[in-house]
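Reader: I should be grateful for a close look at the largest nonpolar core of this protein. Which residues touch the most other members of that core?

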Amino acid sequence: MQSRSYVPALGDHRLSPFYDATIALMTCERTWRRALVRQIAPEPRDVILDIGCGTGSLAIQLKRACPSASIYGVDPDPDILTRAEEKARDADVLVHFSQGYAQDAGTIAARIRPNKLVSSLVLHQIPLAGKRMALLAALDALRPGGELHIADYGLQASPLMRLAFRQVQTLDGYGTTQPNADGVVPELMEDVGFAGVEETQVIPTPTGSISLYRAHKH
Ligand SMILES: C[S@@+](CC[C@H](N)C(=O)[O-])C[C@H]1O[C@@H](n2cnc3c(N)ncnc32)[C@H](O)[C@@H]1O
């Protein structure tokens with residue numbers, strides 16, 4: 001697994017200690033994370049897998065919103081997972097973190113059979129072919145009737161948002177980010193077989209607009 005590569009949380013491992021503060025400041029984090037948690041609407045018997053969980057912010061908020069839901073987080077970066085584990089300990093919540101890639105979600109989920117799969121700010125860091133593989137793996141990972149919820153930089157509809165998004169593109173690279181800015185994410189979701197694909201919100205931020213998407217598996 002480790003021969004694969006990935007773009008780290010802020011595009012460079014040396015910046016990871018500043019990840020949470022940067023995201024809070026540069027993405028209107030409170031607005032989109034709250035909207036995403038509301039959309040996911042965790043319930044007591046839910047098994048939720050957070051793909052590319054980073055420092056665990058979403059997973060921890062989901063557990064706080066519904067303490068009896070089972071929450072799992074995977075990320076390929078061992079350093080970021082250590083940060084996530086520390087944050088969950090400090091928040092006094094139980095989240096199960098482990099190392100893994102989005103493209104392997106099917107294998108990761110075989111044991112836990114999630115009914116909700118969630119992911120925030122991850123697909124823009126994965127090359128186009130990998131985005132497709134990740135969404136296919138998400139479909140494979142979910143139980144029938146299960147839901148997919150994504151928040152990520154999406155179609156940058158205005159010149160101002162396209163300009164703002166350049167900051168992310170400079171950090172994370174153009175090859176992985178441009179397809180998101182061109183609006184490829186919902187197209188891919190439909191393409192791989194998700195039903196009811198919807199862009200539910202578009203939130204302008206200082207680093208480009210963040211879209212929330214929802215879909216389900218038949
Ligand atoms: C910008 S951070 C987002 C972290 C977190 N989801 C959040 O909302 O703050 C992107 C994360 O995706 C992870 N990542 C990059 N490529 C990945 C892949 N192929 N599969 C899963 N995670 C990946 C990175 O390690 C990083 O932690």
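Author: The account below begins with the core and then turns to its setting in the predicted model.

The largest nonpolar core comprises 55 residues, and the members that touch the most others are A105, L117 and A138. Among the elements of secondary structure, helix α6, which covers residues 128-141, gives the most to this core, contributing six residues. Of particular interest is A138: once its neighbours within four places in sequence are set aside, A138 is in contact with I51, A105, L117 and L148. Two of these partners, A105 and L117, are also named with A138 as touching the most other core members. As a general matter, nonpolar side chains tend to be buried together in soluble globular proteins.

The core belongs to a chain whose secondary structure comes to nine helices and seven strands. The radius of gyration is 16 Å, close to the 17 Å that the globule rule gives for 218 residues, so the protein is as compact as a globular protein of that length. Its C-alpha trace spans about 45 × 40 × 35 Å along the principal axes. Of the 218 residues, 46% are buried. Among contacts with a separation of 6 or more, 72% join residues 24 or more positions apart.

The surroundings of the ligand complete the description. Around the ligand there are 24 residues, of which Y6, G52, G54, A102 and S120 come nearest. By class, this shell holds 15 nonpolar, seven polar and two charged residues.

Conventions: Residues numbered from 1 in each chain as written. Predicted model: local features only at pLDDT ≥ 70, side-chain atom pairs only at ≥ 80, totals over all residues. Core = buried A, V, L, I, M, F, W, Y, C linked by C-beta atoms within 7 Å. Buried ≥ 20, exposed ≤ 12 C-beta atoms within 10 Å, placed from the backbone. Helix = DSSP H or I, 4+ residues; strand = E, 2+ residues; numbered from the N terminus. Contact = placed C-beta atoms within 7 Å. Rg over C-alpha atoms; globule rule 2.2 N^0.38 Å. Near = placed C-beta within 6 Å. Nonpolar A, V, L, I, M, F, W, Y, C, P; charged D, E, K, R; others polar.
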